[in-house]
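Subject: The structure I promised

Hi,

Here is the structure for you to look at. Open it up first, then read my notes below alongside it.

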Amino acid sequence: MAFEVKGTLKKLFDQQDFPSGFYKRDFVVTTMEQYPQDIKFELLKEKIELLDAYSVDQRVLVSFN
């Protein structure tokens, strides 16, 4: 089952590289609900390239499972 969150990209963190060859990048999305919340997500390995198309304060739709 997949979930989706619509919101505004609030923060993009730098890529983190680990000695094992693993790497990830975190980002924060502020929801567009009556009571907005900040949600932190992370992308792993090749998926971090998806963030290159976005900038802070841009509206996004995040799908996750």
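Start by clicking on Thr31. Leaving out residues up to four places away in sequence, Thr31 touches Val5, Lys6, Gly7, Pro36, Gln37 and Ile39. One of those neighbours also shows up in a polar contact: a polar atom in the side chain of Thr31 sits 2.9 Å from the backbone nitrogen of Gln37. Is Thr31 buried or exposed? Its relative accessibility is 8%, and buried means under 20%, so Thr31 counts as buried. Thr31 belongs to strand 3, and that strand is where I'd spend most of your time.

Before you go on, keep in mind that this is a predicted model.

**The whole chain**

How many helices and strands does the chain have? There are zero helices and five strands, which gives the pattern β-β-β-β-β along the sequence. If you draw a box around the C-alpha atoms along the principal axes, it comes to roughly 40 × 30 × 20 Å. The chain has 65 residues, and 26% of them are buried. About 5100 Å² of the chain is exposed, with carbon and sulfur atoms supplying 51% of that area. Now take the contacts between residues at least 6 apart in sequence: 44% of them join residues at least 24 apart.

**Strand 3 and its partners**

Back to strand 3, which covers residues 23–31. Eight of its nine residues are buried, so the rest of the structure largely encloses this strand. Which strands does it pair with? Here they are, one by one:

- Strand 1 (residues 3–12) pairs with strand 3 in the antiparallel sense, over five bridges. To see this pairing, find Thr8, which stands opposite Thr30 of strand 3.
- Strand 2 (residues 16–17) runs antiparallel to strand 3, and two bridges join them. Here Gln16 stands opposite Lys24. These two strands form a hairpin with five residues between them, where Gly21 takes a positive phi near 100°.
- Strand 4 (residues 38–44) is also antiparallel to strand 3, joined to it by seven bridges. This pair makes a hairpin too, with six residues in between. Look for Phe27, which stands opposite Phe41, and for Lys24, whose bridge partner in strand 4 is Leu44.

So you can find Lys24 facing Gln16 of strand 2 and also bridging to Leu44 of strand 4.

**Salt bridges**

A bit of background: side chains of opposite charge can pair when their charged atoms come close. How many salt bridges are there in this model? The count comes to five, and I'll walk you through some of them.

Lys10 and Asp38 meet through their side chains, at 2.7 Å from N to O. This pair links distant parts of the chain, with Lys10 in strand 1 and Asp38 in strand 4, 28 residues apart. Lys10 has a relative accessible area of 45%, which makes it partly exposed, and Asp38 is partly exposed with a value of 45%.

Next, try Glu42 and Lys24, whose side chains meet in a salt bridge of 3.0 Å, N to O. Glu42 is in strand 4 and Lys24 in strand 3, 18 residues apart, and again the pair links distant parts of the chain. Glu42 is partly exposed at 43%, whereas Lys24 is buried at 15%.

Then there is Asp26 with Lys40, where the closest N and O atoms are 3.6 Å apart. Asp26 lies in strand 3 and Lys40 in strand 4, so this pair ties together parts that are 14 residues apart in sequence. Asp26 is buried, with 8% relative accessibility, while Lys40 is exposed at 52%.

Put Lys24, Asp26, Lys40 and Glu42 on screen together, and you'll see that a network of salt bridges links them.

**A nonpolar patch**

One last stop, on the surface. Which residues form a nonpolar patch there? Met1, Phe3 and Phe64 do, with about 360 Å² of accessible area together. Phe3 is part of strand 1, and at 42% relative accessibility it counts as partly exposed.

Happy exploring!

Methods: Residues numbered from 1 in each chain as written. Predicted model: local features only at pLDDT ≥ 70, side-chain atom pairs only at ≥ 80, totals over all residues. Heavy atoms only, no water. Pairing = 2+ DSSP bridges. Helix = DSSP H or I, 4+ residues; strand = E, 2+ residues; numbered from the N terminus. Buried < 20%, exposed > 50% of the residue type's maximum accessible area, 1.4 Å probe, protein only. Polar contact = N/O pair within 3.5 Å; in protein donor to acceptor, adjacent residues only side chain to side chain. Contact = heavy atoms within 4.5 Å. Patch = residues over 30% accessible without salt bridge, like charges linked within 9 Å, V, L, I, M, F, W, Y side chains within 5 Å. Areas by Shrake-Rupley, 256 points an atom, 1.4 Å probe, with all protein chains shown as cover. Salt bridge = Lys/Arg side-chain N within 4 Å of Asp/Glu carboxyl O.
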